[in-house]
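Reader: I am new to this structure and would be grateful for a close look at one strand and its neighbours, followed by some account of what lies around it. Please go slowly and explain a term where the reasoning needs one.

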Amino acid sequence: MAEGGQDLSPAPQAGAAARHGGAGTVPALLARAVPWLFVAAFLAFVAAFMLAPMVTVLVQAVWGDHGPTLAYVRQLGEYRYATAFANSLILSAAAAAVGVVGGGLLAYALLRPGAPGWLRSAMTSFSAVAANFAGVPLAFAFISTLGTLGLLTAQLKRLGIDIYGLGFSLYSLGGLTLTYAYFQVPLMLIIITPALRGLRAEWRDAAENLGATVWQYWWRVGLPVLWPSLLAAFVLLFGNAFSAYATPYALTAGNIQLVPTEISNVLSGNVMESPQLGAALAAGMIVVMTAVLLVYWLAARKAARWRR
Amino acid sequence: MSARLGPVAVLAIVLGIVFFLTPLIVTFAFSLWEGGDRYGFAAYRSLVGDPDLWASLLLSLRLAAETMLLGMVLLVPSMIFVHLKAPGLKPLFEFIAALPFVVPAIALVAGLSALYTGPAWLIGTPNYLVIPYFFLALPYAYRAIDVGLSAIDVRTLTDAAHSLGAGWGQVFRLVLLPNLSTALLGATLLTLTIVMGEFTFASVLLFKTFAVYINDTGSSKVTEAAALSLLSFVITWAAMLGVLLTGRNTTDLGGTH
Amino acid sequence: MAVVALQAIRKSFGGRPVLAGIDIALAQGELVSLLGPSGCGKTTLLRILAGFERPDAGTVRLDGRDITALAANRRNMGMVFQSYSLFPNLDATDNVRFGPRVRGVPRAEQSRRAEHLLELVGLGGHRHKFPHQLSGGQQQRVALARALAVQPDVLLLDEPLSALDAKVRAQLRSEIRRIQRETGVTTVFVTHDQEEALSISDRVAVMNEGRMLQVASPAAIYREPADAFVARFIGAGAVLSGRADGPAVRVGAVALPAAAAAGHPAGTAVELFLRPEHVRLDPAATPPSGALAAEIRELTFFGSLTRVRLALDGIADSEAWADVASDRADGFQPGLRVWASWDAAAPRVLARV
């Protein structure tokens, strides 16, 4: 923080000069320019290291050694990459669905009047941690627990339940979904709690008073009021799962093709493909994430309408 | 309690607790495994003696500090100026804050490596990571600071300070930063959490940060990996606890994956 | 015959008694207010009537039928809540149709009722507005129409006006009364505002600390409070503690004329209640017969009336009030010596507990 102040130290001197020297002098102009220099520096930084790489990826995806081409985009249709996109979409949808249902029910349960307050606050702070606990450590925690050599796997086997024999594998899309649930459920809990709190007790009482059953209340009032928030939460969770890289990398070591791991394979030269293919894959991700963000914005705007 | 909660709610809470606690408890037990039926702290002892752990941990901490510093210089002043002088630019800033969501880490690293192949002083040292880390943390830091700015009347405070004779530097140092300290601390701790857990950039750009160290260790020594996972969880916990204690409803605790 | 009867209702929350044996019955078409300070149990009583709470003991009867155990959604009662109870995802018409709809009333009939009721509450022009497009007063009108759409046996109003500003409140209050008369629906109106209760009701039930203190017409509640709490809670006036002494209440050396004191054995501890409108003030030098010496302490201007606070001579810390027509209060000012008198039949005298 002190550095922030020191970096600005020319400003007060310039300001003082301006007061003594009157407007229009060189120091006064300088003083007025300083704020804009900060804004300009930020925008330049964004342009150089965020926008430029993004544009590079988008251009590279359609630009070959001999001018514009759709060859790399078409290459995404090849079995390997089509599978990666399909896997990524299925995994993200499944992980988002698990998060929405699990986190939604958990948030609902914790907001019931009968739920103890200490449990509610403990769960909320735990969720803040778990929603940010992902990547390599999460993968290893699940490997230690449910991997082929995991402690829980071994204990269950001792009890006569061979989960791998029953078809479960941590290193499959199902296993990934389960692992993702560890950060998706808490994230859902955090983002849906305000919307659930927005459901007023009066609506429930009024519906009951007018003769509605619990289901009629949820069907005609509760869910219609909640659905924009639920949709917004779903797409946010979808995007969160879609862009996850470290968790699947550490967990599957490339056994399952996903878009992020395929990009890293191209980048690190694990597969003999041109960098343009990596760009095409990345461009595909950007397109998906843009769509996700648009849906999120529309849904969030609709959700805000009830909260006036 | 259960009678008033209803069976669905009780089931949801019980399943939730089991699901959240099982991996932590089992991972802890696993980290104590010394082969066969022997349990102890061998994994932890071997980790403490590994200089690579300390080097990677220090590197990650240093990068986190540098990222925070960059945020303080690049993000905080321009956000305050936009808030004060150019509210018309706010939609642009909102858009920029959403960009890291649209361009996932792995896509950004693809773009960065395609675009920048030099100079060596920039891309050859781990400090290069500070650039992508800044963008990783941007949405969360932006949200935290934006909430902080909306909570205080920046314009009146600034006008009052100016009328009392303060220059911009003094306004920042004596008025705005102290009043924004909660928001800034929240943004700082979120940045710390994000940088300490970040794997994508470091792994692709081949720098040995804490998360990369965990991955490298895990491929050969499983119990050490379990111990490191718990250590990482504790670090996240400590930072988030800090955010919750200082920020109290003022920061967005989103995930970062 | 009583349409609704609550008999010996008891309820406690976490060991704390909220209702301690409540009995009340409503006749067909009657509007009864439950009036009391917050926390007196009036809302709990209403929620028991609606079926949201189950009483620990006692019976709720509707047309003689015991409905104590009947779920809220099986009772035929329409309720209007304090505020924000409209379903935000439905427009005015669909809010009103909600009740008939979940009860399987045919569509055409649903629409007919919605149209008729929105007209009745004066919102014929706002049928397709959503709650967030309506003002607070309009929202409560829709809520009233919605409650009436199920053609309820009893209409329950839970402080429906408390979230509105003063002008809208007075206007909607008289409209509720008009609509209630037109529809002839038996109504329970919960409020903590005595003016509201006195102006709207056939009968007022005053509650305090979980007990029903008095159920009577508004005029009777005001003129003949049955209980010291009721006398204090309703309207303004002086409360003076003393001992009955023939047709007077003696406070120290001062005898306050009060015919009703004769009904109490001489020497018993009593309280005397004196309304401001009964007290006459006379600044003349010679006392009218039976008048007490007093000093003006404070004047409060209410437009047509000016309320005068007095200290009665010989009674330490005594406070009494007199209402004076403002055009006759010109010479009055704090410190002025006056004579205060009243008709001996006017004060209410109640045994002190």
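Author: Two strands are said to pair if DSSP finds at least two bridges between them, and with that in hand one can start from a single bridge in this predicted model: the partner of Val32(C) in strand S8 of chain C is Val188(C). That bridge belongs to the pairing of S3(C) with S8(C), which covers residues 186–191, and the two strands run in the parallel sense over five bridges. S3(C) also pairs with strand S9 of chain C, residues 203–208, again in the parallel sense, here over four bridges. Within that second pairing, Ser33(C) stands opposite Val204(C) of S9(C).

The strand itself, S3(C), spans residues 31–35 and is mostly covered, with five of its five residues buried. A residue counts as buried here if 20 or more other C-beta atoms lie within 10 Å of its own. In a regular strand the side chains alternate between the two faces of the sheet. In S3(C), Leu31(C), Ser33(C) and Leu35(C) point one way, whereas Val32(C) and Leu34(C) point the other way, and the residues on both sides are buried.

Stepping back from the strand, one finds an open sheet of six strands in chain C, whose order is S6-S7-S8-S3-S9-S10 and whose pairing is mixed. The edges of this sheet are formed by S6(C), residues 77–80, and S10(C), residues 211–216, each of which pairs on one side only. Neighbouring strands of the sheet are turned against each other by 20° on average, with direction ignored. Helix H4 of chain C, residues 136–148, lies across S6(C) and S7(C), the latter covering residues 154–158, and H4(C) runs at about 170° to S6(C).

Chain C also meets chain A, where 18 residues of chain A are in contact with 18 residues of chain C. On the chain A side, the elements giving two or more residues are helices H10 (201–209), H11 (214–242) and H14 (275–306), and H10(A) gives the most, with six residues. Sorted by class, this side of chain A has eight nonpolar, four polar and six charged residues.

Chain A touches chain B as well, with 83 residues of chain A in contact with 79 residues of chain B. The largest share of the chain A side, 16 residues, comes from helix H3 of chain A, which covers residues 26–60. By class, the side of chain A that touches chain B has 60 nonpolar, 20 polar and three charged residues.

Chain B, in turn, has 14 helices and zero strands. Its C-alpha atoms fill a box of roughly 75 × 65 × 30 Å along the principal axes, and buried residues make up 48% of its 257 residues. Among the contacts in chain B between residues at least 6 apart in sequence, 78% join residues at least 24 apart.

One helix pair in chain B can serve as a closing example. Helix H6(B), residues 105–115, and helix H8(B), residues 130–151, pack at an angle of about 150° with their axes 11 Å apart, and H6(B) passes H8(B) in a right-handed crossing. The contact is made by Ala105(B), Leu108(B), Val109(B) and Leu112(B) from H6(B), together with Pro132(B), Phe135(B) and Leu136(B) from H8(B). By class, this contact has seven nonpolar residues, no polar residues and no charged residues.

Terms used: Residues are numbered from 1 along each chain as its sequence is written. Chains are lettered from A and ligands numbered from 1 in the order in which they are written. This is a predicted model: local features need pLDDT of at least 70, side-chain atom pairs count only at pLDDT 80 or more; totals for chains, interfaces and linings use all residues. A residue is buried if 20 or more other C-beta atoms lie within 10 Å of its own, exposed if 12 or fewer, and partly exposed in between; C-beta atoms are placed from the backbone. Two residues are in contact if their C-beta atoms, placed from the backbone, lie within 7 Å. Ala, Val, Leu, Ile, Met, Phe, Trp, Tyr, Cys and Pro count as nonpolar, Asp, Glu, Lys and Arg as charged, and the others, Gly among them, as polar. Axes are lines fitted to C-alpha atoms, for helices over the stretch in contact, and angles run from 0 to 180 degrees between N-to-C directions. A crossing is left-handed if the near helix is turned anticlockwise from the far one by less than a right angle, and right-handed if clockwise.
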